[in-house]
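Got the viewer open? Let's take a short walk and pick out a few pieces one after another.

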Amino acid sequence: ERRSKTATRAMQIAIGDELSLSTKLIALFGEQNVHIHSPYSFQPLVKSDFRVFLSPKNSFYIDIFTAADIHTLTGCVNIKLRKLARVNSFTHPTIFVSAGECVSQEDIDRLMVAKKNKLPSNIRIMTLPNAIAYLENVVQ
């Protein structure tokens, strides 16, 4: 029963974080430009949380997750990277957003410097506040 409660609580947090980011993205880019649970490229089973269109041929993807600590952040990132590895020649800009307050941008930056297998150049990892600030600059 304890696992069930933990899983339920985690799902509620994830849904809340996704809804909050969705609201912000729609405010920044417009409802018609924000696609929710959009497939990466032409792989219908590999989906992102959001795809944002800046123009008909220019878009980027966002995946949001909540990490309790740097260890779970590492696990979340590795799972997402394995998921993207199934998408052939995926080069779209992608932002992995860590919504939890337990991991700072400095923690993420240290992890990326120490990471043995570096991220592809089209992928960034940011905290939710840093991602929102970055996206606000994209709009300008």
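How far apart should the ends of helix H4 (residues 128-139) be, and what does the model show? Keep in mind that this is a predicted model. Select those twelve residues: at 1.5 Å a residue they should span 16 Å, and the end C-alpha atoms are 17 Å apart, which agrees.

Stay on H4 and turn on the side chains of Leu128, Ala131, Ile132 and Leu135, which are buried. Now look down the axis of H4: the buried residues fall within an arc of 100°, so they line one face of the helix. An α-helix has 3.6 residues a turn, so residues three or four places apart point the same way. Swing round to the other side of H4 to find Pro129 and Asn137, both exposed.

What do the buried residues of H4 pack against? Colour helix H1 (2-29) and strands E5 (58-65), E6 (94-98) and E7 (123-127), and you have the partners.

Next, the sheet. Its five strands form an open sheet in the order E1-E4-E5-E6-E7, with mixed pairing. At the edges sit E1 (34-36) and E7, each pairing on one side only. On average, neighbouring strands are turned by 25° against each other, direction ignored.

Zoom in on E1 and E4 (residues 50-55): they run antiparallel and are joined by three bridges. Look for histidine 35, which stands opposite arginine 51 in E4.

Finally, show the helices over the sheet. H4 lies across E4, E5, E6 and E7, at about 120° to E7, while helix H3 (residues 105-114) lies across E6 and E7, running at about 150° to E7.

Note on methods
Residues numbered from 1 in each chain as written. Predicted model: local features only at pLDDT ≥ 70, side-chain atom pairs only at ≥ 80, totals over all residues. Heavy atoms only, no water. Helix = DSSP H or I, 4+ residues; strand = E, 2+ residues; numbered from the N terminus. Expected span 1.5 Å × (residues − 1). Buried < 20%, exposed > 50% of the residue type's maximum accessible area, 1.4 Å probe, protein only. Arc of directions from axis to C-beta. Contact = heavy atoms within 4.5 Å. Pairing = 2+ DSSP bridges. Axes fitted to C-alpha atoms, helices over the stretch in contact; angles between N-to-C directions.
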